[in-house]
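Here are a few short exercises to work through with the structure open beside you. Try each task before you read its solution.

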Amino acid sequence: MNHLLIISHPRKTSLNHSILQTAVEGLQKGGHNVEVRDLYEIGFQPLLGANMADLLGINDEKVIQEQEYLIWADVVTFIYPIWWTGMPAMMKGYIERVFSYEFAYKYENGIQLGLLKGKKAVIINTQGKSLREYEASGMQEALRLTSDKGIFEYCGFEVLSHIFFDSVDTADQATREKWLKKIADIASKA
């Protein structure tokens, strides 16, 4: 299978990058084709312009290149931290520019159609607050609603899983190793 992993975290020493590396190694060991798009490393420009071509994602070679990666992929894994109860601006800008109208979705006779049907998504998030705090406030469900349903399913993806690693700022090494083992196990069964 073709696996595309998209990461949005500025620090290479972050837990997010450790998750990425673990997933890549597991997928490659399983014989999968793997491509990584590190949005900071490639210098992705997340800002939309005011012109209609930019809003539609046309005539921009970098956006078209990212769309080609999505077309190639069977499974897309999104790895990013939760900042201010949402995805980082870099990932949000990627989605706004790359998941453009008539590429990722469109309307026919007033009915919305996801154009990335047949593709699967895995979302992996790290967050500073505890899972208990997020669940008690409703934030965990809100995150699933706004990203899983509001973005990925809206565009036709089947969301296979949404994994949250919580309290990352205070997690000890044993906990982090347990999380990475979970990622390795998931990747080995992909």
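**Exercise 1.** Find how strand β3 and strand β6 pair, and over how many bridges.

*Solution.* Keep in mind that this is a predicted model. Start with β3 at residues 75-81 and β6 at residues 120-126. The two strands run in the parallel sense and are joined over seven bridges. For one place to look, go to Pro81, which faces Thr126 in β6.

**Exercise 2.** Place this pair in its sheet: what is the strand order, and which strands are at the edges?

*Solution.* Follow the order β2-β1-β3-β6-β7, which gives an open sheet of five strands with parallel pairing. Next, look for strands that pair on one side only: these are β2 (33-38) and β7 (158-165). Finally, compare directions: neighbouring strands are turned against each other by 15° on average, direction ignored.

**Exercise 3.** Which strands does helix α3 lie across?

*Solution.* Take residues 61-72 as the helix; α3 lies across β1 (2-7), β2 and β3. Against β2, α3 runs at about 150°.

**Exercise 4.** Is Trp83 buried, partly exposed or exposed, and why?

*Solution.* First locate Trp83 in the loop between β3 and α4 (89-98). Its relative accessible area is 35%. Buried means under 20% and exposed means over 50%, so Trp83 counts as partly exposed. Together with Tyr40 and Trp84, Trp83 makes a nonpolar surface patch of about 430 Å².

**Exercise 5.** How many residues of α4 are buried?

*Solution.* Of the 10 residues in α4, seven are buried, leaving the helix mostly covered. Among them are Met90, Met91, Tyr94 and Arg97.

Key:
Residues numbered from 1 in each chain as written. Predicted model: local features only at pLDDT ≥ 70, side-chain atom pairs only at ≥ 80, totals over all residues. Heavy atoms only, no water. Pairing = 2+ DSSP bridges. Helix = DSSP H or I, 4+ residues; strand = E, 2+ residues; numbered from the N terminus. Axes fitted to C-alpha atoms, helices over the stretch in contact; angles between N-to-C directions. Contact = heavy atoms within 4.5 Å. Patch = residues over 30% accessible without salt bridge, like charges linked within 9 Å, V, L, I, M, F, W, Y side chains within 5 Å. Areas by Shrake-Rupley, 256 points an atom, 1.4 Å probe, with all protein chains shown as cover. Salt bridge = Lys/Arg side-chain N within 4 Å of Asp/Glu carboxyl O. Buried < 20%, exposed > 50% of the residue type's maximum accessible area, 1.4 Å probe, protein only.
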